[in-house]
Amino acid sequence: MKTIWIVGAKGRVGKALMRLLDERQYKLFETDIDDVDITDQESVNSYMRITRPDVVINCAGLTDVKRCEMYPDEAYHVNALGARNLAIEVDAYEAKLIQLSTDDVFGSGLTAVWSEFDHTAPRSVYGKSKYAGEQLVSSLCRKYTIIRSSWVYGIGKDYVSRVLDAAEKGGELRVSASEISSPTSAAELARAIRVFIERDLYGVYHVTGTGRCTRFEFAKTILEYAGKSDRLTLLSREAAEDLRPMYSVLNNMMLRLDHVYEPMHWKEALREYFDELEGAER
Ligand SMILES: NC(=O)c1ccc[n+]([C@@H]2O[C@H](COP(=O)([O-])OP(=O)(O)OC[C@H]3O[C@@H](n4cnc5c(N)ncnc54)[C@H](OP(=O)(O)O)[C@@H]3O)[C@@H](O)[C@H]2O)c1
């Protein structure tokens, strides 16, 4: 039985992993910042020493893009040095590190999809700190898998809940009609991660829902699937590019080449997410 340590288990991806991974198949350890702060090398070291995981999945991060811009030290501390601390310990115990990363490592100006082999050029502190984390992981750990994703939603505070909260209040919501990416369900991401737990696949992989849409279309589909289209008027706004790339679509090339996993179309995954939510409420 493999031992898995899920770091950042209270976040969207961490929760999806906890729901997916079967405790009859894996010995699971889950921690968040109150249990093991990954910026504290000694804490990481002693947790590794006690639990001896085969696989560590780093879902922890400072993911609020605006907060990262305001507090760059904090962003680099968690997203870069936290990843470094895990990489050092994982390597020392000859385990495997699965490091979550983001489409924000890419720059702007292209309307082509980004593959794992494209040049990175992060612009925001969030993107730069996550990229620094990738670099530290790849240089300090022999057995690593870096997984970049985009527009991740799942149980917890996310874009889906923001749109639904706005619908509860009613009125209007202005949403960008120019920002384009691929929404990714945390459950789908977790299913792909499960394959990486089992198979010896190393390097950088993109894992996003297939297809692409604007923020506006995403919000419209969320309201439609939640049966709340009449509760909120969506107004399209032309957003100027600021911290996040306007066009940020990842090509899941490495998933295809290595026959890892075929993510669903983003609409299908969103439908599944609402079906699960409804099932949980019943
Ligand atoms: N959400 C997206 O759209 C998206 C897209 C692409 C990639 N990703 C990446 O995927 C990963 C998981 O994303 P997510 O959406 O699940 O993030 P999330 O919901 O923000 O969860 C991150 C978790 O890490 C915890 N954390 C923060 N600092 C920590 C520290 N020093 N030590 C231990 N835990 C700490 C957070 O605790 P607090 O909440 O208390 O800070 C939170 O529970 C991240 O690496 C993110 O960069 C996310």
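## Helices α6 and α8

In this predicted model, helix α6 passes helix α8 in a right-handed crossing. Helix α6 covers residues 159-169 and helix α8 covers residues 215-225. Their axes are 10 Å apart, and the two helices pack at an angle of about 65°. On the α6 side, the residues that take part are Tyr159, Val160, Val163, Leu164 and Ala167. They meet Arg215, Phe218, Ala219, Ile222 and Leu223 of α8. Sorted by class, the residues of this contact are nine nonpolar, no polar and one charged.

Helix α8 is mostly covered, with eight of its 11 residues buried. The buried residues of α8 are Arg215, Phe216, Phe218, Ala219, Thr221, Ile222, Leu223 and Tyr225. Just after α8 comes Gly227, which takes a positive phi of about 70°.

## The largest nonpolar core

In soluble globular proteins, nonpolar side chains tend to be buried together. The largest nonpolar core of this model has 29 residues. Ile4, Leu17, Ile57, Ile193 and Ile197 have the most contacts inside this core. At least two residues each are supplied by the strands β1 (2-7), β2 (26-31), β3 (55-58) and β4 (96-102), and by the helices α1 (12-20), α7 (186-198) and α9 (253-257). Helix α7 gives the most, with eight residues.

Which residues does Leu17 contact, leaving aside its neighbours within four places in sequence? They are Ile6, Ile57, Cys59, Ala190 and Ile193. Apart from the largest core lies another core, of 26 residues. Among the residues of this other core are Trp5, Val7, Tyr47 and Val137.

## Helices α1 and α7

Two of the helices that supply the largest core, α1 and α7, also pack against each other at an angle of about 60°. Their axes are 8 Å apart, and the crossing is right-handed. From α1, the residues in the contact are Arg12, Val13, Ala16, Leu17 and Leu20. From α7, they are Ala186, Ala187, Leu189, Ala190, Arg191, Ile193 and Arg194. The contact of α1 with α7 has nine nonpolar, no polar and three charged residues.

Leu17 and Ile193 take part in this helix contact, and both are also among the residues with the most contacts inside the largest core.

## Helices α4 and α5

How do the axes of α4 and α5 cross, and within what distance do they come? Helix α5 is formed by residues 125-140, and its axis comes within 8 Å of the axis of α4, with a crossing of roughly 15°. Because angles under 35 degrees count as roughly parallel, α4 is roughly parallel to α5. The crossing of the two helices is right-handed.

Helix α4 brings Pro72, Ala75, Tyr76, Asn79, Ala80, Leu81, Ala83, Arg84, Ala87, Ile88 and Asp91 to this contact. Helix α5 brings Val125, Tyr126, Lys128, Ser129, Lys130, Ala132, Gly133, Leu136, Val137 and Leu140. By class, the contact of α4 with α5 comprises 14 nonpolar, three polar and four charged residues. Val137 of α5 appears in this contact and also belongs to the core of 26 residues.

## Charged residues in strands and loops

Is Lys96, a residue of strand β4, buried or exposed? Lys96 has a relative accessible area of 5%. A residue under 20% counts as buried, so Lys96 is buried. Not counting residues up to four places away in sequence, Lys96 touches Asp54, Val55, Val56, Val90, Lys143, Phe196, Ile197, Arg199, Asp200 and Tyr202.

Glu94 lies in the loop between α4 (72-92) and β4. Its relative accessible area is 57%, and Glu94 is therefore exposed. Glu94 also has a positive phi, near 55°, although this residue is not a glycine. Arg52, in the loop between α2 (41-51) and β3, is likewise a residue other than glycine with a positive phi, here about 50°.

Arg123 is placed in the loop between β4 and α5. With a relative accessibility of 33%, Arg123 counts as partly exposed. Arg123 and Arg244 are 121 residues apart in sequence, yet their C-alpha atoms are 7.8 Å apart in space.

How values were computed:
Residues numbered from 1 in each chain as written. Predicted model: local features only at pLDDT ≥ 70, side-chain atom pairs only at ≥ 80, totals over all residues. Heavy atoms only, no water. Core = buried A, V, L, I, M, F, W, Y, C linked by side-chain atoms within 4.5 Å. Buried < 20%, exposed > 50% of the residue type's maximum accessible area, 1.4 Å probe, protein only. Helix = DSSP H or I, 4+ residues; strand = E, 2+ residues; numbered from the N terminus. Contact = heavy atoms within 4.5 Å. Axes fitted to C-alpha atoms, helices over the stretch in contact; angles between N-to-C directions. Parallel < 35°, antiparallel > 145°, perpendicular 65-115°, else oblique. Left-handed = near helix turned anticlockwise from the far one by under 90°. Nonpolar A, V, L, I, M, F, W, Y, C, P; charged D, E, K, R; others polar.
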